[in-house]
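Please look over the sequence and the model below before reading on. The paragraphs that follow begin with one loop residue, widen to the whole chain, and then return to individual positions.

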Amino acid sequence: MLNPDFFSNLNQEQLEAAAFKDGPAVCIAGAGTGKTRTIVYRAAKLISEGIPPERILLLTFTRKAANNMSERAKQLADSVQGSIRSGTFHSFATYVLKKFYLEAGLKRSFTIIDTSDSKQILGSLRKNYFKNNTYNSKPPTNSTLQKLFSACAAQKLSLKELINTEHTHFEPFLKEILQIKDDYKSYKSENSLLDYDDLLLKTVELFSNDERVLQLISSEQDYIMVDEYQDTNFLQAEMLRLLGHFNHNIMVVGDDSQSIYAFRGAEFKNLSDFPNLFKEAKTFRLTQNYRSTQNILNASNHLISKASEGFKNKLETENPEGSKIAIVPCMNEEQESLFICKRITDFLKSGIKPKEIAVLFRAGYHAFRLEMMLKTINLPFVKWGGFKFLESVHLKDIISYLRIINNPWDKLGWLRVLMDIKGIGLKRATDISEELARSEEPFDFSNIPENFINTELSLLQQTMLQISSQNFTQPSLILNAITDYYLKNVMKKKFDNYTERLKDIDALAAISLSFDSLDDFLTSIILEPPENMQNLNLASQNEQSEDSITLSTVHSAKGMEWEAVFIISAVQGRFPNFKALKSKEEIEEERRLFYVAMTRAKKHLTITLPQEVSDFASNISTSQPSQFISELYCDSCETWKLLP
DNA sequence: CCAGGGCGTCTTTTT
DNA sequence: GACGCCCTGG
């Protein structure tokens, strides 16, 4: 049953969008205008009218948003059995490809590889190229290659076009880069590997080539809703367009002023283009903001009006004026951190709860100084974004063992595991992994050259044989056995801080408990990697976050809101980031990013500008205030003077 | 061909 | 402050 309170929570704009039933629609919803509430209400309403929840598909780019929404919709229509299907485009694509692997020309058990796997493969392929060093410019690194190939896929560009337009300094290497791209493609297909882009690419291919499959998949849902549509790329829009052949009830929701993912190929124009894709699409707009004070909105509107493109949705609110935005120049990061600690303490004294306070920044490392100070004064905090938990060496290692247990022919997994053995480097590890991939029996070492074999390698073989012979079904049990081996034989030798790293492995073990099969666990961890230590263990996170303030990158803060928000390091070169300074489009994106940061605040917004930052990336010593300060500055702001 | 040390690079943001 | 790459000696 629908909770009746919910009706009264919707204004006219929201009601119209939420009550819309059949056909395509686009909803342009500014920051803080109740976008999530509207989507959730629409879902709940459909369910209350008899649509089974599992026939509603909710697609988003990040899983955080997806989980959040299906939870809320569930609460709303609580007597309903079952739940809304929700997920990211990537997880939906994986579902499709697993179901129709034959039609997609794949093996039943294909492996999904993450970005660092791609880089590793590219690294080994790259060794065959760029040998004659006669050019006076630097050939692309593994990482750059990975980015280039990914950009091609997301933007539907040929490599040649991409290099000739955006990366002209690689023109001398074009031929070799093209060859590496071919090699990479063959390597993936020989080993049944799909990278993130392939998931989307193959699904789009499948949908365009096989109408039967498209129809079968389409018949699984009646309603599709897409959140944060401004963050989708060409392939995702294409996937949606194809689904539209049979599914007419598609609603996309988004805000082009909050498009902050162009760096990975997002096209915010997808939002304004939607009516071209679906001719009879109805457009809704949400413009009334419920989140922020008048002052915060004034300054935010002021800033976004400088944007050169977009709908320029001007937000309005009936909220009180509130206090002015504090612009606070500081001498250096030390003083900045001190000031923030002091002001946070004041906020806490005035009765604001810790979880209603957030500090936002452009890049993870901008907060290092502040983190140290918060630790010294014993103020608990959680940090979102920045550091990537699963990319740490020890966890990549552990996951490799799991991959081998799951699939003993996984060359990439073997490579990593073997290189941890004394006497085995890249060459031998490659030879052995290829031999193992060729063998009929799992863990068959009989064709490995004898001089490669030592006690450590035999121990590895025995351990793997033994674990796999136990036929554990629970991934957590396998993980335990692996950890046992890894700790004894590798970890202590490899790291001087192994006890600290062991905590991460424990955390991974905690997540593994909620999975019943190793394959599911591995797939999930690649498609939806946990962001940090804190949200690994949900229970402890909830307890913790009650008493903790939040530190977050602006990207990870999207969709969130807090009573009091700080934006730190608002200096030219940090925010906007120095890498963005050279192109107009990237400055535009930085501005939207700053806008997202500002509009997270409900009541108090404080922006700090250290005049001196030491930055190994940009080498800035004295810094100018961020250009966005003058762009946002208006009657709603005041500049503070700190005593030295 | 491997191990280990030194040195440079990088950190923008995520599936 | 961590990691990867390159060089050298064994």
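Glu228 of chain A sits in the loop that runs between strand S6 (223-226) and helix H12 (234-243), and since the model is a predicted one, what is said of this residue and of the others describes computed coordinates. The backbone of Glu228 has a phi near 50°, which is a positive value in a residue other than glycine. Is Glu228 buried or exposed? Its relative accessibility is 13%, and because buried means under 20%, Glu228 counts as buried.

A second residue with a positive phi can be set beside Glu228. Phe443, although it is not a glycine, has a phi of about 55°, and Phe443 also belongs to a loop, in this case the one between helix H19 (426-438) and helix H20 (455-469). With a relative accessibility of 5%, Phe443 counts as buried. A further backbone feature is found at Phe575 and Pro576, which are joined by a cis peptide bond with an omega of about 10°; Pro576 lies in the loop that leads from strand S15 (562-567) to helix H26 (584-598).

These loops can now be placed in the chain as a whole. Chain A contains 27 helices and 17 strands. Its radius of gyration is 26 Å, close to the 26 Å that the globule rule gives for 644 residues, and chain A is therefore as compact as a globular protein of that length. Along the principal axes, the C-alpha trace of chain A spans about 80 × 65 × 55 Å.

The chain is divided into four parts in the domain assignment: domain 1 (6-96 + 209-288), domain 2 (111-191), domain 3 (294-387 + 540-639) and domain 4 (390-530). Domain 1 and domain 4 have centres that are 39 Å apart, taken over C-alpha atoms. When contacts in chain A between residues at least 6 apart in sequence are considered, 79% of them join residues at least 24 apart.

As for burial and surface, 55% of the 644 residues of chain A count as buried, and the accessible surface comes to about 29,100 Å², with 50% of it belonging to carbon and sulfur atoms. Chain A carries 75 positive and 82 negative side chains, and the centres of these two sets are 3 Å apart.

Returning to single positions, one may start with Ile478, which is part of helix H21 (residues 475-494). Which residues does Ile478 touch, leaving out those up to four places away in sequence? They are Leu402, Ile405, Ile467, Phe472 and Leu518. The relative accessibility of Ile478 is 4%, and the residue counts as buried. Ala509 is 31 residues from Ile478 along the chain, and the C-alpha atoms of the two are separated by 9.8 Å.

Asp516 offers another setting, for its place is in the loop between helix H22 (498-512) and helix H23 (518-527). With a relative accessible area of 58%, and because exposed means over 50%, Asp516 is exposed. Asp516 nevertheless has contacts beyond its neighbours within four places in sequence, namely with Thr473, Gln474 and Pro475. Gln12, which is 504 residues from Asp516 along the chain, has its C-alpha atom 46 Å from that of Asp516.

Two further acidic residues fall into the class between buried and exposed. Glu171 lies in the loop between helix H8 (159-165) and helix H9 (174-190), and at 37% relative accessibility it counts as partly exposed. Not counting residues up to four places away in sequence, Glu171 touches Ile163 and Asn164. Glu171 and Pro139 are 32 residues apart in sequence, with a C-alpha to C-alpha distance of 9.8 Å. Asp346, by contrast, is placed in a helix, H15 (residues 333-349), and its relative accessible area of 34% makes Asp346 partly exposed. Tyr196, which is 150 residues from Asp346 along the chain, is separated from Asp346 by 45 Å between C-alpha atoms.

Conventions. Residues numbered from 1 in each chain as written. Chains lettered and ligands numbered in written order. Predicted model: local features only at pLDDT ≥ 70, side-chain atom pairs only at ≥ 80, totals over all residues. Heavy atoms only, no water. Helix = DSSP H or I, 4+ residues; strand = E, 2+ residues; numbered from the N terminus. Rg over C-alpha atoms; globule rule 2.2 N^0.38 Å. Buried < 20%, exposed > 50% of the residue type's maximum accessible area, 1.4 Å probe, protein only. Contact = heavy atoms within 4.5 Å. Areas by Shrake-Rupley, 256 points an atom, 1.4 Å probe, with all protein chains shown as cover. Lys, Arg positive; Asp, Glu negative; His and termini not counted. Charge placed at Lys NZ, Arg CZ, Asp CG, Glu CD. Domains from an automatic or database assignment.
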